[in-house]
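Trainee: Got a minute to go through a model with me? I'd like to hear what you see in it.

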2 protein chains.
Amino acid sequence: MTSPLRGLLGTDPVVATAGVGLFADALRDQAVAVSEADWQPPMEGTETDLARVMGDPRRVEANATAVARMTASTATLVDVVPAGEALGLEKGSFLHAGPPLTWDRASGPMQGALIGAVLFEGLADTAEEAERQLASGVYEFEPCHHRDAVGPMAGVVSPSMWMYELRDEVHDNTSWCSLNEGLGKVLRYGAYNEEVITRLHWMTDVLGPLLRQAVRSVGSIDITAIIAQMLQMGDEGHNRNRAGSLMLLRELLPGLVTAEGSSSDIAEAVRFSGANEHFFLNLGMPAAKLATLAAHGIPGSTIVTTMARNGTDFGIRVSGTGDEWFTGPALTPEGLFLGDFGPEDANPDIGDSAITETGGIGGFAMAAAPAIVKFVGGDVPFALEATQRMYEITEAEHPVYQVPILEFRGTPTGIDVTKVARTGILPQINTGMAGAVAGTGQVGAGLVTPPAECFPAALASLARAVD
Amino acid sequence: MTSPLRGLLGTDPVVATAGVGLFADALRDQAVAVSEADWQPPMEGTETDLARVMGDPRRVEANATAVARMTASTATLVDVVPAGEALGLEKGSFLHAGPPLTWDRASGPMQGALIGAVLFEGLADTAEEAERQLASGVYEFEPCHHRDAVGPMAGVVSPSMWMYELRDEVHDNTSWCSLNEGLGKVLRYGAYNEEVITRLHWMTDVLGPLLRQAVRSVGSIDITAIIAQMLQMGDEGHNRNRAGSLMLLRELLPGLVTAEGSSSDIAEAVRFSGANEHFFLNLGMPAAKLATLAAHGIPGSTIVTTMARNGTDFGIRVSGTGDEWFTGPALTPEGLFLGDFGPEDANPDIGDSAITETGGIGGFAMAAAPAIVKFVGGDVPFALEATQRMYEITEAEHPVYQVPILEFRGTPTGIDVTKVARTGILPQINTGMAGAVAGTGQVGAGLVTPPAECFPAALASLARAVD
């Protein structure tokens, strides 16, 4: 006679438990093989909003559309143009990184970079004068993101600076980013001494026009293709851009060496560009901006389309909630320091460069760049684990951006606010660290996450938008 | 009362077994945790020689000296010079890859490359005439290695070709390698049509002199430093040289763009060099040659200092046995094929490029280059495992050449003949594949090992040399 229970009892029982590790330990004590799956309760206070947003009938399709657009976007460098011309930025107007900010709340490096930009534009003769003007409110400033531009670190853009112009022909979008100044004492890290201003003038007078000639001469440069390649060459596209920078240089070279200009100017432009391991960052960022821009503004979508920091606040924007910012206080990165600098010198997180993670590279692709741990801290297992953890909070695996060591698995792409709220796992960001005191420059590089509160705030807004 | 056995029985017994896996299976059936260590009997017939060589009192210190010299060697690009001038090579003399070879035993790609070199030197007007001359014995040819030079694939060098000249100042050694022709129909893969000969003339007339100006203008280029960096950028230095080629280009650029010459020649030299992903191979090879040269000729040392193939034979040389070659028939690589080519089109293994593996990079550093599996075959776990297996047969971990994904472990460096004989593990080589028919060119890339018999032969010679 066959017992109805025979099938059940004929094999080892499978026990599923949730909650504290004691259950797993008890099973192990009884010699039962245990597979632990990470599980955490949702972020506090998000249960009701989560239920409402998860139940939104638009959500699944809206998110599928968002990541399909994000991963189908292209990014082609088509021109190099002055910011005044490209963005309609007028003398006395400035862009900055992160969510909106007022002078009185601006951190040291942001104030330093704005002072430097005022000096560079010739609107003041001394730093003190520039500071007085800025504090008095005679200038206008707004986020780069509000003009579809991005800027690393302080991200300050003034009308005379030159910008890379990138196009996503698939979605008919354009994005811009300033030229990279190199490392050390540079405006984007809040330095504004004479060396900084002199370099900015050289970039405006010599480098920008030569790069424009080079880009126009070679036609256009496929930035998406370079990102795909650099991930196979140990870069993650945020704090490691070595291979990307070399590939960009190679693409520009035929146009640079045949540009009209003095051979010493051309040689210096080649040397300056070749000496800068982050030369490519200012192309990777607007490429990621184009990807996230394509995914923006889809009703019901819970996909994050902006993560940006102004040195005081960290802000995110979400596809389904449009241009609303959800902010919290920027955290201070932990990592490795240059020279004699230490943790006490570091400013809270700053810059639009977290757009790389928003687009599925940077910290999300850290497994592709194990050597980065010598620059941002952590160790190789952490780098592998960071990418793998990000699959828990993303909607897609990028079809083109792949991680060789994970057997060419696509990078985790498209942060889903509901997954962050449900798991409590925060996006992993690799970042440079600016000195907290205006004028200092870079002090190190490290690892950081957004402040958790951005996500419940975004979720609440998404919940309100559900009919 | 304390039993003398109490300490022993108070913990789980540890069982060490050697031999067939049945023992491990039996232990597993009794729920005992099992760690298996690979163990294989020594290569057949090597027991007596192994015992004699292992007992050589000079061996331990000689091998320590050999790898210390190998890993302390430097490689600096100091000049670019015609082969006739650099190597004293006279018109009618040719160098080739691998161990010594006669025309009648030469494979298709070797014969094709020699025909092409005769045409290039203007010694014959047609391929048929060149072939007749070569078969009649009017020309002299000998291995590149006999002149401290190396050549990829057929490795044919004629007096009018230009060579990179590299110096190891620590050990006062010099090595040379020809310039890379790019991919496809090229001399080193046995092609010799008009396109090939025209390119060789351009390289002699334009590229070589420009590269000489560039190198002399920038002073010198640290090739060892580039190798260390490229291993952190997804290259292994034999069949993947993308990052290395870009870094080399960056170093040469300031000298190239300011070289005397027409701007169209300079632009073409920059384009040609930038378009070639294996541009660096011809620098990595002589750097590895300098490393192994430093370790060569130490009495009692069982470290391999040459692995090279001429398309017919695979030959090795060993530090302690000097310039004696130990050869066996070259195997045919297994891998991936270009276009419509297949396994039946491939020539047996050819080229001096296995000097990279001899020096601790190439296939030995495959874990640093997981993306290479798309080019040579295998999969990512194989790439990781290949490097880890090579630690079993090498004497040292390279202090400068490191693999990030293995937590910056140094590459396995210094193949020990006794370890190969004891374990039966053969060196892992990544290689290009030439078409078997003269004139074909490259048909693919793949994975190969030396024929096993080289190692017992070397061991026998080492045994004879023990007092």
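Trainee: Which residues have the most contacts inside the largest nonpolar core?
Mentor: A:Leu187, A:Ala365, A:Ala458, B:Ala365 and B:Ala458 have the most contacts inside that core, which has 283 residues. A nonpolar core here is a set of buried Ala, Val, Leu, Ile, Met, Phe, Trp, Tyr and Cys residues joined through C-beta atoms within 7 Å. Buried means 20 or more other C-beta atoms within 10 Å of a residue's own, exposed means 12 or fewer, and partly exposed is in between, with C-beta atoms placed from the backbone.
Mentor: This is a predicted model, where local features need pLDDT of at least 70, side-chain atom pairs count only at pLDDT 80 or more, and totals for chains, interfaces and linings use all residues. Residues are numbered from 1 along each chain as its sequence is written, while chains are lettered from A and ligands numbered from 1 in the order in which they are written.

Trainee: OK, and what does A:Ala458 touch?
Mentor: Not counting residues up to four places away in sequence, A:Ala458 touches A:Ile316, A:Val318, A:Thr321, A:Phe326 and A:Val417. Contact means that the C-beta atoms of two residues, placed from the backbone, lie within 7 Å.

Trainee: Switching topic: what turn and shift lay chain B on chain A?
Mentor: A turn of 180° with a shift of 0.0 Å along the axis does it, and the RMSD is 0.0 Å. The two copies are therefore related as by a two-fold rotation axis. The superposition is by least squares on the C-alpha atoms of residues with pLDDT of at least 70 in both copies.

Trainee: Which residue of chain B comes closest to the rotation axis?
Mentor: That's B:Met233, with its C-alpha at 2.2 Å. The same surface serves both copies, too: 100% of the contact residues of chain B recur in chain A.

Trainee: How many residues does the contact take from each chain?
Mentor: Chain B gives 25 residues and chain A gives 26 residues. On the chain B side, helix H10 (242-257) and helix H11 (263-274) each supply at least two residues. H10(B) has the largest share of that side, nine residues. Helices are DSSP runs of H or I with at least four residues, strands are runs of E with at least two, and both are numbered from the N terminus.

Trainee: What's the mix by class on that side?
Mentor: The side of chain B that touches chain A has 16 nonpolar, five polar and four charged residues. Ala, Val, Leu, Ile, Met, Phe, Trp, Tyr, Cys and Pro count as nonpolar, Asp, Glu, Lys and Arg as charged, and the others, Gly among them, as polar.

Trainee: How do H10(B) and H11(B) sit, parallel or antiparallel?
Mentor: Their axes come within 11 Å and cross at roughly 175°, which makes H10(B) roughly antiparallel to H11(B). Axes are lines fitted to C-alpha atoms, for helices over the stretch in contact, and angles run from 0 to 180 degrees between N-to-C directions. Under 35 degrees counts as roughly parallel, over 145 as roughly antiparallel, 65 to 115 as roughly perpendicular and the rest as oblique.

Trainee: And across the chains, how does H11(B) pack with H10 of chain A?
Mentor: H10(A) (residues 242-257) and H11(B) pack at about 175°, with axes 9 Å apart, so they are roughly antiparallel to each other. A:Arg250, A:Leu253, A:Pro254 and A:Val257 make the contact from H10(A), and B:Ser263, B:Ile266, B:Ala267, B:Val270, B:Arg271 and B:Gly274 make it from H11(B). By class, that contact has six nonpolar, two polar and two charged residues.

Trainee: New one: where is A:Thr305, and is it buried or exposed?
Mentor: A:Thr305 is in strand S8 (residues 304-310) of chain A. A:Thr305 is buried because 30 other C-beta atoms lie within 10 Å.

Trainee: Which loop holds A:Gly320?
Mentor: A:Gly320 is in the loop between strand S9 (313-318) and strand S10 (326-329) of chain A. With 26 C-beta neighbours inside 10 Å, A:Gly320 counts as buried.

Trainee: Last one, what about phi of B:Asp172?
Mentor: Phi is near 55° there, a positive value in a residue other than glycine. B:Asp172 lies in the loop between strand S5 (162-168) and strand S6 (173-178) of chain B, and with 8 C-beta neighbours inside 10 Å B:Asp172 counts as exposed.
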